[in-house]
Amino acid sequence: MVANCLKCSLLAFFLLLLQPGWCQNPLSSLDQVLEQNRRDLGNNVVMLVWRGDTLAYKKELGDFNSKTVKPIASCSKWLTAALVMQFVDEGQLSLDDKITRWLPEFAKYGKNYITIRNCLSHMTGIEDEGGFLKKWMQRRKFTSLEEEVNSFAAREIRANPGTDFWYGEVGLNIAGRILEIISKRRFDVLIRQKLFVPLGMRRTSFSSTDGGPVNPSGGAQSTADDYIRFLGMLLNRGTFQGKRILSEKAVDEMMQLQTAPPVIKRYAPKVAEGYDYALGSWVLEKDPAGKPTALASPGLFGSWPVVDYCHGYAYIVFVKSLLSEGKAEANLQVKEALDRIYPSTCR
């Protein structure tokens with residue numbers, strides 16, 4: 001009887017010793033990083049981290065929460081690139097197809113050599129001048145994506161396709177219009193059916209709220225809860241919770257380097273200077289052989305989604321104030337903290 005009591009006491013003692021280790025979450029160190037950078041990120045911030053096939057971390061600050069719907073600007077580009085790759089998986093198009101196969105209007109203006117790959121990597125060579133406000137005003141003249149894309153055909157050629165990078169709306173919107181032609185469905189309906197519904201992204205849409213046409217390059221609204229599902233799918237090479245959304249080959253193609261800083265010499269956002277570009281996303285990190293290992297697609301309104309294949313995580317910092325150099329630096333600090341928590345498995 002005494003021996004049994006002694007054994008129980010020892011067991012209880014060791015359980016008490018181990019309890020702090022069990023309760024301590026290494027991801028809790030992110031709380032401090034977010035608080036330290038809260039001024040740059042803004043008072044309203046949500047951060048979610050995806051690891052394996054589950055949500056590993058969630059932090060909500062201010063009046064924002066993970067279900068808050070807001071415009072995500074250029075974070076939209078990654079979504080549109082993924083939709084294009086679904087059509088590639090289905091054999092309905094190739095990245096190296098000429099856009100004139102579906103848009104003969106471009107041939108009339110000598111734009112015969114632009115490919116869908118050029119469109120997804122901002123290398124069409126078509127003039128894309130003007131700031132955010134000017135572009136917004138121009139888009140309001142059109143009632144459909146078809147009208148807007150037809151107007152691109154008549155624009156001046158700035159450079160030969162594939163030789164000059166200009167970060168903007170032209171290429172992704174051309175690609176979106178081609179998907180409309182192939183599917184005979186509006187882009188906003190199409191992406192909801194083929195990407196958002198299968199991923200359970202119930203609050204995400206490309207429906208226009210400003211009276212202009214749908215905008216595949218920057219017109220999505222989403223939530224942190226929804227977008228992390230998309231990132232989790234990319235992290236897991238095209239599957240989400242056992243459901244195949246993209247082939248592994250398609251995900252690998254989306255990671256391929258399309259440009260390099262010497263080519264990105266005309267226009268790139270200040271926060272992206274020095275980075276290369278893949279398909280719909282910026283390349284944050286590469287392995288020694290030059291293969292991209294970490295990708296991001298930040299938006300004008302400040303949100304910052306990332307997938308890191310070497311460290312094995314995806315995350316999004318979801319905010320509602322304009323992107324700035326301060327926000328870029330804050331996000332890099334967040335990533336550095338995650339890299340310490342999840343060491344690289346790449347050699």
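W78 is buried in this predicted model, and F230 is buried too. The model itself is a prediction, with local features considered only at pLDDT of at least 70. For F230, the relative accessibility is 0%, and F230 therefore counts as buried. Y227 also has 0% relative accessibility, so Y227 counts as buried as well. These residues make a good starting point for a look at the aromatic contacts of the chain.

The structure holds 14 aromatic pairs. One of them joins W78 to F230 in an edge-to-face arrangement, with 6.1 Å from centre to centre and 75° between the planes. Because W78 belongs to helix α4 (residues 76-89) and F230 to helix α11 (residues 224-235), this pair ties together parts that lie 152 residues apart in sequence. F230 also pairs with Y227, again edge-to-face, at 5.5 Å centre to centre and with 75° between the planes. Here the two partners share a helix: Y227 and F230 are three residues apart in α11, so about one helical turn separates them. F230 thus takes part in a pair with W78 of α4 and in a pair with Y227 of α11. Elsewhere, F165, Y167, Y277 and W282 come together as one aromatic cluster.

Helix α4 also has a helical partner in α10 (residues 187-199), and the two pack with their axes 10 Å apart at an angle of about 75°. That angle falls in the range from 65 to 115 degrees, so α4 is roughly perpendicular to α10. On the α4 side, the contact is made by L79, T80, A82, L83, Q86 and F87. The α10 side contributes F187, L190, I191, K194, L195 and F196.

Two members of this contact, F87 and K194, also meet through a charge and a ring: K194 lies over the face of F87, at 5.2 Å from the ring centre. A further arrangement of this kind involves K70, which lies over the face of F318 at 5.0 Å from the ring centre.

What does S183 contact, leaving aside its neighbours within four places in sequence? The partners of S183 are F87 and L190, and both of these residues also appear in the contact between α4 and α10. S183 itself is found in helix α9 (residues 170-183). With a relative accessible area of 16%, S183 is buried, since the cut-off for that class is under 20%.

Backbone geometry draws attention to two further residues. R237 is not a glycine, yet has a positive phi of about 55°. Its place is in the loop between α11 and β5 (239-240), and a relative accessible area of 24% makes R237 partly exposed. Q241, likewise a residue other than glycine, has a positive phi near 50°. Q241 is found in the loop between β5 and β6 (243-244).

For the chain overall, the model shows 13 helices and 11 strands. Of the 347 residues in the protein chain, 53% are buried. Among contacts with a separation of 6 or more, 64% involve residues 24 or more positions apart. The protein chain exposes about 15800 Å², of which carbon and sulfur atoms supply 52%.

Terms used: Residues are numbered from 1 along each chain as its sequence is written. This is a predicted model: local features need pLDDT of at least 70, side-chain atom pairs count only at pLDDT 80 or more; totals for chains, interfaces and linings use all residues. Side-chain values use heavy atoms; hydrogens and water are left out. Helices (H or I, at least four residues) and strands (E, at least two) are DSSP runs, numbered from the N terminus. Buried means under 20% relative accessible area, exposed over 50%, partly exposed in between (1.4 Å probe, protein chains only). Contact means heavy atoms within 4.5 Å. Accessible areas come from the Shrake-Rupley method with a 1.4 Å probe; for residues, only the protein chains shown count as cover. Rings of Phe, Tyr and Trp (its six-membered ring) pair if their centres lie within 6.5 Å; planes under 30 degrees apart count as stacked, over 60 as edge-to-face and the rest as tilted. A charge sits over a ring if NZ of Lys or CZ of Arg is within 6 Å of the ring centre and within 35 degrees of the ring normal. Axes are lines fitted to C-alpha atoms, for helices over the stretch in contact, and angles run from 0 to 180 degrees between N-to-C directions. Angles under 35 degrees count as roughly parallel, over 145 as roughly antiparallel, 65 to 115 as roughly perpendicular and the rest as oblique.
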